[in-house]
Amino acid sequence: REGRNIRTIERLTGTELIIDETPETIIISSFDPLRREVAKMTLQKLVKDGRIQPAKIEEKVEEAKAELETRMYELGEEAAHEVGIFDFPKEIIHLLGRLNFRTSFGQNVLTHSIEMAHLAGMIATELGVDTEVAKRGALLHDIGKAIDHEVEGTHVELGRKILKKYGISDNVIKAMESHHDDYPFSTPESFIVAAVDALSAARPGARRGTLEHYIKRLDDLEKLASGFNGVEHAYAISAGRELRVFVIPEKIDDFGALQLARDIATKIQSDLNYPGEVKVNVIRETRAVEFAK
């Protein structure tokens, strides 16, 4: 009715609803991930209920907010328990749960933090340093992102203030504060947290931007090899660590294949940026086929 219900939802949730020609689709727009989640839960409840009018919308918004608060605490508790930490204050647990609704380049920040805590624990054990501090520092390294859209300051600064306020030990704060080089590395655990942050963020497919770079790198490898004379097909495999190059046997002989592998490897070194090393595998095959009739 002249968009009355839409305006009510927008006002109560602080979001904007975009309803276009796409069938059975509503887009919820807001910079605040928690507002988006409240709006989404409210719409789901309203659709299920079927009675959509301002009073009912108000009731469902309040229900959604209460459910989200409970859900955030449960998510934070599950995350801490998954990595074997059982003594965090309730406020820290709640903030951890908020990270589930925050993404960084498409990567879920809570999942990223849990992944880091597992990796940090393994590395710390191997190196013989404080495993507990490394795990806690890794899990809490992005805690400031839970409120950085509401409060002025970088997520590292906000994270340090939050952890000090709720009595988290100085060793854990030192472990988490250096992961963006804002503070000097002061403990072995701080090096571990920075390392596992890079590992979790840089694995292929973890982040949207990284995925695009990853696909481009594979494409560049294949194009570079295909540019050589006598190459029939080139395939980048094993996440770009190996390049298989199939040559036309009439154009490239066995000694030519050896030279081609060396030339491609040299060109990759000079023209492309890549992590680790790339194995160039040139494959030349001669088939003789005859039919007995």
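## Ser190 and its contacts

Beyond its neighbours within four places in sequence, Ser190 is in contact with Lys174, Ala175, Ser178 and Phe185. This is a predicted model. Ser190 sits in helix 9. Is Ser190 buried or exposed? Its relative accessible area is 0%. Buried means under 20%, so Ser190 is buried.

Helix 9 runs over residues 188–202. It also appears in the surroundings of helix 5, as part of what covers the buried residues there.

## Helix 5

Helix 5 takes in residues 109–127, a run of 19 residues. At 1.5 Å a residue, helix 5 should span 27 Å. Its end C-alpha atoms are 26 Å apart, which agrees.

Which residues of helix 5 are buried? They are Val109, Leu110, His112, Ser113, Ile114, Met116, Ala117, Ala120, Gly121 and Ala124. Several elements help to cover them. Among these are helix 3 (54–82), helix 4 (90–98) and helix 6 (131–139). Strand 3 (103–104) and strand 4 (107–108) contribute as well.

## Val47, an exposed residue

Val47 belongs to helix 2, which covers residues 33–49. The relative accessible area of Val47 is 65%. Exposed means over 50%, so Val47 is exposed.

How far apart are the C-alpha atoms of Val47 and Ile114? They are separated by 34 Å. Along the chain, the two residues are 67 residues apart. Ile114 is one of the buried residues of helix 5, whereas Val47 is exposed.

## The overall fold

The protein has 11 helices and seven strands. Its radius of gyration is 27 Å. For 293 residues the globule rule gives 19 Å. The value for the protein is well over that, so the protein is more spread out than a compact globule. Along its principal axes, the C-alpha trace spans about 85 × 60 × 40 Å.

Contacts across the chain can be split by sequence separation. Take those in the protein with a separation of 6 or more. Residues 24 or more positions apart account for 53% of them.

## Surface and charge

How much of the protein counts as buried? The share is 41% of the 293 residues. The protein exposes about 17,200 Å². Carbon and sulfur atoms supply 51% of that area.

The protein carries 40 positive and 50 negative charges. The mean positions of the two sets are 3 Å apart.

How values were computed:
Residues numbered from 1 in each chain as written. Predicted model: local features only at pLDDT ≥ 70, side-chain atom pairs only at ≥ 80, totals over all residues. Heavy atoms only, no water. Helix = DSSP H or I, 4+ residues; strand = E, 2+ residues; numbered from the N terminus. Rg over C-alpha atoms; globule rule 2.2 N^0.38 Å. Buried < 20%, exposed > 50% of the residue type's maximum accessible area, 1.4 Å probe, protein only. Contact = heavy atoms within 4.5 Å. Areas by Shrake-Rupley, 256 points an atom, 1.4 Å probe, with all protein chains shown as cover. Lys, Arg positive; Asp, Glu negative; His and termini not counted. Charge placed at Lys NZ, Arg CZ, Asp CG, Glu CD. Expected span 1.5 Å × (residues − 1).
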